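These are my notes from a session spent reading one protein model. I recorded the sheet, then a helix and the core, and then several single residues.

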Amino acid sequence: MNIETNRLMLSPLQQQHWPLFLRLHTEQQIVALCFDVPPEDMIRQKFAARLKPWTPDSNNWLGLVVADKVTGAELGVTGFMLQDGVAEVGYLFLPEFYGKGYAAESLQGLINWATDTQQINRYQAVVTEGNAASEKVLTKCGFALKQIAANAHNIGGKYFADHIYQLQLQR
């Protein structure tokens, strides 16, 4: 399975993507507004779970690597987990690729694929308060802020609200 957009190729996460996955989960600039850096064994468990084959009936994430179609450079990861007909989306990108529209392009490609091939029409994303760049990605893809959960997430000993975004597409 591969998903193509104008500039990007999204393909299933594989064992050789461990260095990318590790960097995305340990570099402070990436995780500062997402989560505290977990111990490496927890990151390995998360990675192993993302390697499992995804089907609409599975309880695991569809993990995809986002790469530049021309250069092959790995830019980040995206994907979703389907639960009760709602796909919770997520994405992490390397800092050197921030501000280039890759996150929005990859998310839109993922949504288009999921809607067209899997008949998924309800999407959700949770963003930590203060992560304006991620919120901009979501609104660019048609998501709307539906709920704010105060003091829902602790990062570095400080509590942050979770901003819950939703997207409902018509079939």
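**Entry 1: strand pairing.** I began with the criterion for pairing: two strands count as paired if DSSP finds at least two bridges between them. The model is predicted, and I read every entry below with that in mind. As a trial of the bridge listing I looked up Ala125, which stands opposite Tyr165 in β8.

**Entry 2: the sheet as a whole.** In what order do the strands of the open sheet lie? I found eight strands in the order β1-β2-β3-β4-β5-β6-β8-β7, with mixed pairing. At the edges stand β1 (3-4) and β7 (144-155); each has a single partner strand, so one side of each lacks a neighbour in the sheet.

**Entry 3: β4 against β5.** I then followed strand β4 (residues 74-83) into β5 and counted eight bridges between them, in the antiparallel sense. Within this pair, Leu82 is placed opposite Ala87 of β5. The hairpin that links β4 and β5 has two residues between the strands, and Asp84 there adopts a positive phi near 55°. I also checked the covering of strand β5 (residues 86-93): six of its eight residues are buried, so I noted β5 as mostly covered.

**Entry 4: β5 against β6.** Is the pairing of β5 with β6 parallel or antiparallel? Strand β6 (residues 122-128) runs parallel to β5, and three bridges join them. Ala87 has Tyr123 as its bridge partner in β6, and Val86 stands opposite Arg122 of β6. I recorded β5, α4 and β6 as a β-α-β unit of right-handed sense.

**Entry 5: β6 against β8.** On moving to strand β8 (residues 158-168), I found seven bridges to β6, with the two strands antiparallel. Besides the trial pair of Entry 1, I noted Thr128, whose bridge partner in β8 is Asp162.

**Entry 6: helix α4.** I compared the span of α4 with the expected value. Its 17 residues reach 23 Å from the first C-alpha to the last, close to the 24 Å expected at 1.5 Å a residue. Among its buried residues I listed Tyr102, Glu105, Ser106, Leu107, Leu110 and Trp113. Just after α4, Gln119 takes a positive phi of about 55°.

**Entry 7: the nonpolar core.** Which residues of the largest nonpolar core touch the most other members? Of its 48 residues, I noted Phe80, Leu107, Leu110, Trp113, Tyr123, Leu138 and Phe143. Helix α4 (residues 102-118) supplies the largest share of this core, eight residues. I next took the contacts of Phe80, setting aside residues up to four places away in sequence; they include Trp54, Trp61, Val89, Leu110, Trp113 and Ile120.

**Entry 8: Thr78.** I looked up Thr78, a residue of strand β4. Is Thr78 buried or exposed? With 4% relative accessibility, Thr78 counts as buried, because the cut-off for buried is under 20%. Its side chain reaches the backbone oxygen of Gly90 at 3.0 Å. Apart from neighbours within four places in sequence, Thr78 is in contact with residues including Leu10, Leu62, Val66, Tyr91, Ser106 and Leu110.

**Entry 9: Asn131.** I located Asn131 in the loop between β6 and α5 (132-140). Its relative accessible area is 13%, and Asn131 is therefore buried. With residues up to four places away in sequence left out, Asn131 touches Leu33 and Cys34.

**Entry 10: Gln147.** I closed with Gln147, in strand β7. Gln147 has a relative accessible area of 45% and is classed as partly exposed. Not counting residues up to four places away in sequence, Gln147 touches Asp162, His163 and Ile164. How far apart in space are Gln147 and Gly72? I read 38 Å from C-alpha to C-alpha, for two residues that are 75 apart in sequence.

Technical notes:
Residues are numbered from 1 along each chain as its sequence is written. This is a predicted model: local features need pLDDT of at least 70, side-chain atom pairs count only at pLDDT 80 or more; totals for chains, interfaces and linings use all residues. Side-chain values use heavy atoms; hydrogens and water are left out. A nonpolar core is a set of buried Ala, Val, Leu, Ile, Met, Phe, Trp, Tyr and Cys residues joined through side-chain atoms within 4.5 Å. Buried means under 20% relative accessible area, exposed over 50%, partly exposed in between (1.4 Å probe, protein chains only). Helices (H or I, at least four residues) and strands (E, at least two) are DSSP runs, numbered from the N terminus. Contact means heavy atoms within 4.5 Å. A crossover is right-handed if, with the strands pointing away from the viewer, the path from the first strand over the helix to the second runs clockwise. The expected span of a helix is 1.5 Å times one less than its number of residues. A polar contact is a pair of N or O atoms within 3.5 Å; within protein, one must be able to donate a hydrogen and the other to accept it, and residues adjacent in sequence count only if both atoms are side-chain atoms.
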